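Please open the structure in your viewer and keep the selection tool at hand. The stops below say what to select next and what is to be found there.

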Amino acid sequence: MSKKNDTIAIVSGEPVTVIADSRNDVAKKLADLRAQAASEGLTPATGGFIEYNTAGDGKFSAVITFVES
Amino acid sequence: MALTKIMGEHFRTFVGGNAVPEAVNCSVTISGSMEDSTTKDTVGSYAQEQMTSKDWNVSVETRDASLASLRALITRFNSDAKVTVGWDQTAGTQNRVAQNAPFARSGQAILNDLSIQANNRTNIQVSSQYQGSGALA
């Protein structure tokens, strides 16, 4: 079975937004993003905070920005 | 990665998704209103209690006295608008990157208390308190 490729383009200095139905799902996506960024020589600069119900839809979201190490 | 024990500087509050800048201290309070539900049917002498409502608020004190931040705070207070507020463990650049610790929580809150302390020849201290409105998750 092939592994689904969920990687997205991470650009230094540009915020990346992740949205999911649960806090754990957002945390997992953030962890994947951090790992991907690290492999590309990027480190988190700001954000990463998981917000709840920002849009009034009961969803969890986070915005994180990476910069070159 | 979350540590098993954290120091106060790594526990930060977030407003609008960002760590409150130049914070000096912060506090989080979660409480529940209790009601005595003891009746004549209750066996024994101990009272029975039930929680009728839950309440949370976040307060933070900062040395961020920039014109932009003061204006933003007063505008926020006047607007009565809800903003996303929460807390998390932090690390990284300027100690502002959230670490998604197990105790991190977030919710909608209203800025209901703003205090600006400006003494002669000292840093201005700005205290703000956010009253939670709705679920904390």
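Select chain B and chain A together: between them they bury about 1400 Å², with 53% of that on carbon and sulfur atoms, where buried area is the accessible area (1.4 Å probe) that two parts lose on being put together, summed over both. Now pick out Val97(B), Asn100(B) and Ala137(B), which lose the most area to chain A within chain B and together make up 33% of what that side buries.

This is a predicted model, in which local features need pLDDT of at least 70 and side-chain atom pairs count only at pLDDT 80 or more, while totals for chains, interfaces and linings use all residues. Residues are numbered from 1 along each chain as its sequence is written, chains are lettered from A and ligands numbered from 1 in the order in which they are written, and side-chain values use heavy atoms, with hydrogens and water left out.

Staying at the interface, show the 20 residues of chain B that are in contact with 15 residues of chain A, contact meaning heavy atoms within 4.5 Å. Nine residue pairs, both at pLDDT 80 or more, are in polar contact between chain B and chain A; such a contact is a pair of N or O atoms within 3.5 Å, and within protein one must be able to donate a hydrogen and the other to accept it, while residues adjacent in sequence count only if both atoms are side-chain atoms. Next, colour strand 5 (82-91), strand 6 (97-98) and strand 7 (105-117) of chain B, the elements that give two or more residues to the side touching chain A; strands are DSSP runs (E, at least two residues), numbered from the N terminus.

Move on to Arg12(B), which lies in strand 1 (residues 11-15) of chain B. What is the nearest side chain of opposite charge to Arg12(B)? Glu22(B) is that side chain, 8.8 Å away, and Arg12(B) is buried yet has no salt bridge. Here buried means under 20% relative accessible area (1.4 Å probe, protein chains only), Lys and Arg count as positive and Asp and Glu as negative, with His and the chain ends not counted, and a salt bridge is a side-chain nitrogen of Lys or Arg within 4 Å of a carboxyl oxygen of Asp or Glu. Display the backbone as well: the oxygen of Gln94(B) lies 3.2 Å from a polar atom of the Arg12(B) side chain, and the backbone oxygen of Asn95(B) lies 3.1 Å from a polar atom of that side chain.

Technical notes. Helices (H or I, at least four residues) and strands (E, at least two) are DSSP runs, numbered from the N terminus. Buried means under 20% relative accessible area, exposed over 50%, partly exposed in between (1.4 Å probe, protein chains only).
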